[in-house]
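Reader: I would like a close look at a single part of this structure. Please take one helix, say what surrounds it, and then follow the surroundings outward.

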Amino acid sequence: MRIGRYPVRWHIVLLTLWTTVWFLVAERHAAVSWHYLRQGEQLLFGQASGGGLALYANHPELQIGPVSFLVAGLFAPFPPGLGGRLADAFMSGLGLYMLVLVGRAAADHYLGTGVNHKRLQQRVLVAGAAFIPMWVEVSVRFAHLDDVLALFFTTLAVRALVRGNATAVGVFLALAVDSKPWAVGFLPLLLALPRPTRLRAETWTLALVAAAWLPFYLTHLETLHAARFAIPNQPASSLRWFGVDDPATPWWDRPAQMALGVGLGAVAVRRGRWPAVVFLAADARILLDPSVYTYYNASVLLGTLIWDSIGQRRLVPWVSWIAFISLYGGALLIPSDSTRGFIRLAFCVGSAAYVLLWPQRAPRGCRRGRRAHREPVDGTLVNN
């Protein structure tokens, strides 16, 4: 079936309907955190006192990147209620587009290996069905535009990586970090690039991150204190199982999250499993975070979506559904804080061990054919 010149992808149609159902359910209690984006956008553009380049120095609670405030400004001309609903719809649409991007990246990755595209579409459909509820959680219920943009730009970076566009990889990863600082954990994707082009990508990333953040730090040194902003250490946090009973975020926690995510991602690339980078960084985040908000799980489900679509060749993307059931289902159905914390701990440790250590089947044909001449990039991608 076609609409004009364009073929109808039935797995995308079904995922669109699935997104609409979850959107309508979540919209009744939506935009829990949208006021932070509005406040930050007004401060950044000088519409409120204490803003401008002093934004983070005066408001360390706004742990949101400047790119997110810029995008939030697109909805500022509308009345608050309408602007919030338009933002919800915009962010939901980005989630659907990310599914398309991951599907195309998987198709390009397996080009010439004999993998049936219908099977890839089925994989994206089943994994996407687990991804969408968590995406609606972050994009509609909580309206965390910063997390949404960080994950969206990272998905664009994955697509660019498969296509061998090093400059785009560097630019998109920088925009992810400029949207939300914890996206630093996704930077090991740069290591999957061939060495001749990696330096160019790293230069773009460093330059764009510096351009976004340095003006705040150089003009107001108090901005350094924003990194120490603490949130409560909730009883269901996995930190409790490590014996961390501090009432708020320990001083070492944020650096440890980033270091663990980057370290695991680097090991994944070293082992030829770069599609696990997003998954591992998300694991590190929820493992060591003192909070347990359900919207955190969107980063995990994006990681499992990429892994199930690109990193492994099984028809059934069971990793995505294990993540959905254990993290979201556990949060809704298990009353014990300690048990929920243990499930989060077990999932993070178990899934990290699986993607790093479980033997993987190399694609049939080792990517022979018309793309074989791109061996420096695809040689990294083949060792899955």
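Author: What follows starts with one helix, H11, and then moves to its neighbours and to some helix pairs and loops.

This is a predicted model, in which local features need pLDDT of at least 70 and side-chain atom pairs count only at pLDDT 80 or more, while totals for chains, interfaces and linings use all residues. Residues are numbered from 1 along each chain as its sequence is written, and side-chain values use heavy atoms, with hydrogens and water left out.

Helix H11 covers residues 277–288, which is 12 residues. Helices here are DSSP runs of H or I with at least four residues, and strands are runs of E with at least two, numbered from the N terminus. From its first C-alpha to its last, H11 reaches 17 Å, close to the 16 Å expected at 1.5 Å a residue. The expected span is 1.5 Å times one less than the number of residues.

How many residues of H11 are buried? The count is 12 of 12, and H11 is mostly covered. Buried means under 20% relative accessible area, exposed means over 50%, and partly exposed lies in between, with a 1.4 Å probe and protein chains only. The buried residues of H11 include Val277, Phe279, Asp283, Arg285 and Leu288. Among the elements that cover them are helix H7 (145–163), helix H10 (253–270), helix H12 (297–311), helix H13 (318–333) and helix H14 (337–357).

Two of these covering helices can be described in a similar way. The 15 residues of H12 should span 21 Å at 1.5 Å a residue, and its end C-alpha atoms are 19 Å apart, which agrees. H12 is also mostly covered, with 15 of its 15 residues buried. For the 21 residues of H14 the expected span is 30 Å, and its end C-alpha atoms are 30 Å apart, which agrees. In H14 the buried residues include Arg340, Arg344, Phe347, Cys348 and Tyr354. The buried residues of H14 pack against H10, H11, H12 and H13.

Val300 is one residue to look at in this region. Leaving aside neighbours within four places in sequence, Val300 is in contact with Phe279, Ala282, Asp283, Ile286, Ala323, Leu327 and Phe347. Contact means heavy atoms within 4.5 Å. Val300 is also among the residues with the most contacts inside the largest nonpolar core, together with Phe131 and Trp274. That core has 110 residues, and its largest share, 13 residues, comes from H7. A nonpolar core is a set of buried Ala, Val, Leu, Ile, Met, Phe, Trp, Tyr and Cys residues joined through side-chain atoms within 4.5 Å.

H7 leads on to helix H6. Two packed helices are described by the angle between their axes and the distance between the axes. The axes of H6 and H7 come within 8 Å and cross at roughly 135°. That angle makes H6 oblique to H7. The contact is made by Trp135, Val138 and Ser139 of H6 and Asp147, Val148 and Leu151 of H7. Axes are lines fitted to C-alpha atoms, for helices over the stretch in contact, and angles run from 0 to 180 degrees between N-to-C directions. Angles under 35 degrees count as roughly parallel, over 145 as roughly antiparallel, 65 to 115 as roughly perpendicular and the rest as oblique.

H6 (residues 117–141) has another partner, helix H1 (residues 10–27); their axes come within 9 Å and cross at roughly 25°. H1 and H6 are therefore roughly parallel to each other. Among the residues making this contact are Leu14, Trp18 and Trp22 of H1 and Val124, Gly128 and Ile132 of H6.

Glu137 also has its place in H6. It is buried, with a relative accessible area of 5%. Not counting residues up to four places away in sequence, Glu137 touches Phe142, Thr294, Tyr295 and Tyr328.

Two loops next to these helices each hold an alanine with positive phi. Ala143 is in the loop between H6 and H7, and its phi is about 55° although it is not a glycine. Ala143 is buried, with a relative accessible area of 0%. Ala31 lies in the loop between H1 and helix H2 (34–44), and its phi is near 60°. Ala31 is partly exposed, with a relative accessible area of 25%.
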